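I opened this model to go through its cysteines, its strands and a couple of helices. My entries follow in the order I looked things up.

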Amino acid sequence: MSAHTPATPQQPDPWLLTQTISPRPTVRVASVDAYGEVQNLYSSTQRVGPTPPETPWAINLTGPDRAFRLLCFDHDAKTEGAAAAAARDAETTAGLLARAGLEPVVCASGPGGGRHVWAALADPVDAETVATLARLTKHLCPTLDLSPLTNAAAGCVRPPGAPHRAGGVSEVIAGSVAALIRPTGTAAQVRAVLEDVAQRIETAEPATVPDARRPLPVDAHRHRYLPGPRRPLPRASAAALDEDAAMGDASAVLWRVLIGAAAARWRYEDVAALIDRPGMAHVRSARDRGHRIPRTPVDSAAILRRQWDKAVQHIAASPRRTEGEDPTFNGRAGAIAAHVREVQQRADASAGRWTTPAGPTDRRVLDALCLLALQGVTASVEADIRRLGLLAGIGRETARTGLLRLAQDGWITQHSPAEGVRAARWTIGPSSAVHKSPTEGRSQADPRAPHTPTGAADRTTLLALLRSRLTDAAHDAFTPGALGHHAGNLYARTSQDPQSPADLARSTGASLPRTLRVLERLASDGVLLVGPDGWRRPRRDARAAAATRYGISGRLEQRARTYALERDLWTWWQAEQAWMRAPRRTPAQRRAGHGQLAIIPSPETTSYGAHPRRADGRADYRAARALRLEDHRPTEQPKPAAVRRAA
């Protein structure tokens, strides 16, 4: 049966369109297995001639020079209910392209509910820019498949009208294929999309907001605010205020307005007076199956109050840098992000290194060091073994030996040893890889201007990835005696979207048989689910229940308390040694004991007080531990009072 689909007034002739827009003289053709089933594997090629292939085909997005002539954002819908998420993400992506002046063409890729968002380019765009755009866009749109836009050699997508292996075709649902036939997109417009996405990442609404460092003042109507003179809105917030929020993610647009207003020391009534502006659409209306329906005045007030208080608290807890405060930050953030990404890619390619008995914990230690490097915006980080152990969900001795093994294999180098209360300093990868100047070492063909904010956004996406990976793996259920460290690393690379065992094996470097054994054990404990499309996480996290069944619930929490006590005791002893080395005082000048306060503190005194001593004058470590243990004993927290909703 021919895969060719006849043209209709609404849909283009797929093969004629392929002949017109394909950047290469060949297309990639879907393979067929021994049973005649069409596979989702485009391993063979066919020249673009008069006859279309017999099976589904895909076109490359780059020309022979590996520069992109087409952009296609492939939003997958692999699970039940994921089609709605793919549609939302496709709408967001199309809006980003349209705001930069590109002409998006949106296709329903097949019967599963996936979406393809196309844009044609008159100017070729280099692979690095497009790959960065794809990585940042995925942070906003989780359903995006990175493969087509990050593989300049073989990245390909089925064109509009092309058949799907499960039936149906890629159907145009928004935009005109004329925009693909006569491309007008420029490299400057692609860079504008990149800057827009980066700005949105830096101002994205956080999942949780920490408590403010001090109580916040409230106005006469009990609305929070930050004290200080009112300033004009930042440029990004002012632009969001006039953005057509009803056409995209209205909640995200409102958040950009509110955090800018809170940082500029605006009050609630100042923001409420702007409710009719386009960027405040989320306050006025709610999305309902692709349409927006008006909210009642009471609902609008509740939405604005809740989001305003959240924005004020967010700014109070983590104040943002003002524009121009550190003009080098983006360059430095981009440099450390590129360095960490290179280390991570090299680690992913070194599959055998992490399959040894100590390999899973070594990889966690490396990931923890990369996380600290990103947080400090430097490749040289000070990390004690207890801190690394808690980050990675392993013991301090395991972290220590992991550092030694990584250093022996050349993954890290010790910059300086531990001394006193200062931990050893480690450098990930070659230190020369991170340029001291943001412009050093760059190719003359670098398309990004020095002022583009992609460096900070790139760092933010990597921080989120590594923090999520370490948090998912560092659980009681993945400690020795339960499911183990390798199972934790494997779990950290899963999601609620199904993945094949082969893909998961590649992500951890383990063999397929070993990966299947671990997956089956995870499934038997309910931590993962298996279905016809692959392995995925359940909607409800089952790790705590698994840890309880193994009898190790609370192990990592107890370890954290132990390490805090050990760190406290070591700091106390170091303070005692500093006092003993200090110039001698007269006998009348006595130090305050433990728990006592000195009326006139001196540089040699600390909050710890005098270290306990035995009768012979030697340090009494047992007594010191007992005193600090009493201080570290957990206390029962009072239950929070119920909060009555305001009228």
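**Cysteines.** I started with C72 in this predicted model. I looked for the cysteine sulfur closest to that of C72 and found it in C107, 7.6 Å away. A disulfide needs the two sulfur atoms within 2.5 Å, so this pair is too far apart for a bond. I then took the count under that cut-off, and it came to zero disulfides. Next I checked accessibility. C72 has 0% relative accessibility, so I logged C72 as buried. C141 also comes out at 0%, so C141 counts as buried.

**Strand 5.** C107 led me to strand 5, residues 105-108. Which way do its side chains point? V105 and C107 point one way, while V106 and A108 point the other way. I noted that all of them are buried.

I then looked up the partners of strand 5. Strand 6 covers residues 115-125 and runs antiparallel to strand 5, with four bridges joining the two. Within this pair, V105 stands opposite W118. The two strands form a hairpin with six residues between them. I checked the turn and found G113 with a positive phi of about 95 degrees.

Strand 5 also pairs with strand 9, residues 171-174. That pairing is antiparallel too, over three bridges. For A108, I found E171 as the bridge partner in strand 9.

**The four-stranded sheet.** I turned to an open sheet of four strands. What is the strand order? I wrote down 2-1-3-8, with antiparallel pairing. The edges are strand 2 (44-47) and strand 8 (156-157), and each of them pairs on one side only. I followed strand 8 to its partner, strand 3, at residues 57-60. Two bridges hold this antiparallel pair. I59 in strand 3 stands opposite V157 in strand 8.

I also asked what lies across these strands. Helix 1, residues 14-21, lies across strand 1 (26-29), strand 2 and strand 3. I noted an angle of about 20 degrees between helix 1 and strand 3.

**Helix 21.** My last entry is on helix 21, residues 555-581. Does its length come out as expected or not? At 1.5 Å a residue, its 27 residues should span 39 Å. The end C-alpha atoms are 39 Å apart, so the span agrees. I then listed its buried residues. Among them are L556, L565, L569, W572 and W573. The buried list also includes charged side chains by name, with R559, E566, D568 and E576 on it.

Terms used: Residues numbered from 1 in each chain as written. Predicted model: local features only at pLDDT ≥ 70, side-chain atom pairs only at ≥ 80, totals over all residues. Heavy atoms only, no water. Buried < 20%, exposed > 50% of the residue type's maximum accessible area, 1.4 Å probe, protein only. Pairing = 2+ DSSP bridges. Contact = heavy atoms within 4.5 Å. Axes fitted to C-alpha atoms, helices over the stretch in contact; angles between N-to-C directions. Expected span 1.5 Å × (residues − 1).
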